[in-house]
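User: I would like to see how the labels used for a protein model are justified. Please go through them one at a time.

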Amino acid sequence: MAKYVCGACGFEYDEQVGIPERGIAPGTKFEDLPEDFDCPMCGVGKELFEKA
């Protein structure tokens with residue numbers, strides 16, 4: 001499981017944890033997030049996330 005960091009605000013998406021409050025289950029790989037996924041902190045798209 002990997003972690004990805006938002007290049008705009010620093011929010012960290014942890015594949016092991018997911019974002020249950022947004023319907024993203026623990027264990028969801030970053031590449032499996034929907035194309036319209038946006039950062040829950042600042043709203044930018046997943047293209048601005050980088051692997052930590």
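Analyst: We can start with the core. This is a predicted model. Its largest nonpolar core has 13 residues, and F11, Y13 and F49 touch the most other members.

User: What makes a set of residues a nonpolar core?

Analyst: The members must be buried residues of certain kinds, Phe and Tyr among them, joined through side-chain atoms within 4.5 Å. Nonpolar side chains tend to be buried together in soluble globular proteins.

User: Which residues does Y13 touch, leaving out those up to four places away in sequence?

Analyst: Y13 touches A2, K3, Y4, G18, I19, I24, T28, F30, L33 and F49.

User: Why is D14 called buried?

Analyst: The relative accessible area of D14 is 16%, and the cut-off for buried is under 20%. D14 therefore counts as buried. D14 lies in strand β2 and touches A2 and K3, again leaving out residues up to four places away in sequence.

User: How do you know that β1 and β2 pair?

Analyst: Pairing needs at least two bridges. Strand β1, residues 3-6, is joined to strand β2, residues 12-14, by 3 bridges, so the two count as paired. They run antiparallel, and the bridge partner of Y4 in β2 is Y13. The two strands form a hairpin with 5 residues between them. In that turn, G10 has a positive phi of about 90 degrees.

User: What joins β1 to β3?

Analyst: There are 3 bridges between β1 and strand β3, residues 49-51, and these strands run antiparallel. Y4 stands opposite K51 in β3.

User: Which residues of β1 are on the covered face, and which on the uncovered one?

Analyst: Y4 and C6 are on the covered face, while K3 and V5 are on the uncovered one. Side chains in a regular strand alternate between the two faces of the sheet. For C6, the relative accessible area is 3%, under the 20% cut-off, so C6 is buried.

User: How many disulfides does a search of the whole structure find?

Analyst: The search finds 0 disulfides. C6 is in none, and the nearest cysteine sulfur, that of C42, is 3.7 Å away. A disulfide requires two cysteine sulfur atoms within 2.5 Å, so C6 and C42 do not qualify.

User: Why is C39 not bonded to C9?

Analyst: The closest cysteine sulfur to that of C39 is in C9, at 3.7 Å, which is too far for a bond. C39 is also buried, because its relative accessibility of 3% falls under 20%.

Conventions:
Residues numbered from 1 in each chain as written. Predicted model: local features only at pLDDT ≥ 70, side-chain atom pairs only at ≥ 80, totals over all residues. Heavy atoms only, no water. Buried < 20%, exposed > 50% of the residue type's maximum accessible area, 1.4 Å probe, protein only. Helix = DSSP H or I, 4+ residues; strand = E, 2+ residues; numbered from the N terminus. Contact = heavy atoms within 4.5 Å.
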